[in-house]
Amino acid sequence: MSETIKTDIVIIGAGPVGLFAVFELGLLDIKAHLIDILDKVGGQCAELYPEKPIYDIPGIPYITGHGLTEALMEQIKPFKPAFHLGEMVTTVEKIGQPAFRVSTDAGKTFECKTVVIAAGGGSFQPKRPPIQGIEPYEDKSVFYAVRKMENFRGKRLVIVGGGDSALDWTLNLQPLAQRLTLVHRRDEFRGAPDSVNKMRALVASGDMDLKIGQVSALEGGDGALVAATVKGNDGALTRIECDAMLPFFGLTMKLGPVANWGIKMEDELIPVDTAAFESNIPGLFAIGDINSYPGKLKLILSGFHEAALMAQKAYHYVYPDKKLVFQYTTSSTSLQKKLGVA
Ligand SMILES: Cc1cc2nc3c(=O)[nH]c(=O)nc-3n(C[C@H](O)[C@H](O)[C@H](O)COP(=O)(O)OP(=O)(O)OC[C@H]3O[C@@H](n4cnc5c(N)ncnc54)[C@H](O)[C@@H]3O)c2cc1C
């Protein structure tokens with residue numbers, strides 16, 4: 001178990017709303033750690049529509065999901081937030097008045113004065129491929145994410161999928177693997193053309209294998225994979241001996257562990273007041289798509305507004321003895337100093 005990280009506030013979810021919360025909190029001298037199950041920031045904007053234009057961000061007539069994420073990262077840079085990506089928050093416990101302990105599936109523990117849940121539509125989780133009997137192998141020899149490349153050194157790997165994740169991990173793991181086979185249901189790939197070309201070059205030089213078809217059965221015992229059978233589009237079966245399989249079938253949004261944290265929920269959303277966007281547990285806030293209140297609109301701009309009001313209330317939990325003076329960034333030298341512009 002790693003050492004406990006002590007901080008003012010933990011933000012669960014690094015989507016656009018979680019990112020903007022860092023800005024509003026930073027102006028009030030509140031230091032944030034952000035945790036997201038994705039290996040990148042930006043939430044839905046980054047994962048679901050990075051290249052789609054958004055037309056309703058105030059003052060910005062047009063920006064893509066990726067562009068907005070980049071702009072938010074630039075805006076929060078002065079506050080040096082700490083990111084813990086590729087980690088799912090599994091538990092949030094109340095340990096004081098208010099104080100919380102937050103734990104992740106990567107074994108990290110945080111202790112903080114307040115928690116902001118900016119978990120959107122829930123955690124992005126990998127889609128399970130339709131292979132009978134795959135469950136006992138999961139997290140033992142079937143993996144939906146690569147946490148440490150070294151774990152795969154010298155192994156016989158089967159990677160399944162035709163998108164960017166499957167191709168990127170094929171190219172990254174091929175030099176480490178004893179032998180790597182990429183399995184895809186057709187000989188066309190959705191991933192970046194450059195990655196497809198590099199993968200085809202490795203196949204042509206005999207440095208890896210490409211098998212067209214679908215994994216139809218797994219062989220092994222006690223969670224240890226021995227072989228995967230691939231059924232070709234002509235019905236022919238091929239047995240591929242392997243130590244690990246990595247299916248990349250995309251991600252789906254599931255509410256996930258949020259439901260088990262003892263917070264009052266309605267229809268998988270956290271009801272909040274509209275003065276501070278606080279849940280029924282004092283010191284535990286919910287902003288962005290995860291909350292509900294009369295008139296709620298699941299828009300990025302609503303989440304930004306919620307982040308600003310949340311920060312005002314959070315200040316009193318972090319600095320109970322201090323008075324908060326409202327200031328504008330245009331005219332306050334103290335805020336401008338925090339932003340590094342004065
Ligand atoms: C196709 C599409 C187009 C859209 N277009 C627009 C538009 O034009 N304008 C607009 O305003 N809105 C638009 N939206 C909606 C907008 O994307 C959402 O309102 C916004 O992303 C909500 O931000 P968020 O930060 O609350 O949540 P999200 O973006 O959902 O981010 C939440 C993050 O929390 C993480 N998370 C959840 N649970 C956990 C956990 N237990 N541990 C760790 N991490 C966790 C998730 O992995 C995720 O990354 C669109 C949505 C879609 C799908």
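**Close-up 1. Two phenylalanines sit about one helix turn apart in H1.** Phenylalanine 20 and phenylalanine 23 are both part of helix H1, with 3 residues from one to the other, about one turn of the helix. Keep in mind that you're looking at a predicted model. Both of these phenylalanines are buried. Their rings make a stacked aromatic pair, with 5.6 Å from centre to centre and 15° between the planes. The story goes beyond H1, too: ring pairs tie Phe20, Phe23, Phe79 and Phe304 together into a cluster.

**Close-up 2. Phenylalanine 143 and phenylalanine 152 meet edge-to-face.** Here the ring centres are 5.5 Å apart, and the angle between the planes is 85°. That pair counts as edge-to-face because its angle is over 60 degrees. As for phenylalanine 152, that residue is buried, with a relative accessible area of 3%. The model's full tally is 9 aromatic pairs.

**Close-up 3. Helix H6 has a bend at glutamine 312.** H6 covers residues 300-318, which makes 19 residues. At 1.5 Å a residue the helix should span 27 Å, and its end C-alpha atoms are 26 Å apart, so the two values agree. Follow the helix along to glutamine 312 and you'll find a bend of about 25°. Plenty of H6 is tucked away: the buried residues include Ile300, Phe304, Met310, Tyr315 and Val318. Phe304 may ring a bell, as it belongs to the ring cluster with Phe20, Phe23 and Phe79.

**Close-up 4. Lysine 322 lies over the face of tyrosine 319.** Look for the lysine at 4.3 Å from the centre of the tyrosine ring.

**Close-up 5. A cis peptide bond leads into proline 98.** The bond in question runs from glutamine 97 to proline 98, and its omega is near -15°. Proline 98 is found in the loop that connects strand E6 (89-96) with strand E7 (99-104).

**Close-up 6. Aspartate 29 and phenylalanine 277 have positive phi angles.** Neither residue is a glycine, yet phi is about 65° at aspartate 29 and about 60° at phenylalanine 277. Aspartate 29 is in the loop between helix H1 (16-27) and strand E2 (32-36). Phenylalanine 277 also lies in a loop, this one between strand E18 (270-271) and strand E19 (284-286). Which of them is buried, and which is partly exposed? Phenylalanine 277 is the buried one, with a relative accessible area of 1%. Aspartate 29 is partly exposed, at 43%.

Key. Residues are numbered from 1 along each chain as its sequence is written. This is a predicted model: local features need pLDDT of at least 70, side-chain atom pairs count only at pLDDT 80 or more; totals for chains, interfaces and linings use all residues. Side-chain values use heavy atoms; hydrogens and water are left out. Helices (H or I, at least four residues) and strands (E, at least two) are DSSP runs, numbered from the N terminus. The expected span of a helix is 1.5 Å times one less than its number of residues. The bend at a residue is the angle between axes fitted to the seven residues ending there and the seven starting there. Buried means under 20% relative accessible area, exposed over 50%, partly exposed in between (1.4 Å probe, protein chains only). Rings of Phe, Tyr and Trp (its six-membered ring) pair if their centres lie within 6.5 Å; planes under 30 degrees apart count as stacked, over 60 as edge-to-face and the rest as tilted. A charge sits over a ring if NZ of Lys or CZ of Arg is within 6 Å of the ring centre and within 35 degrees of the ring normal.
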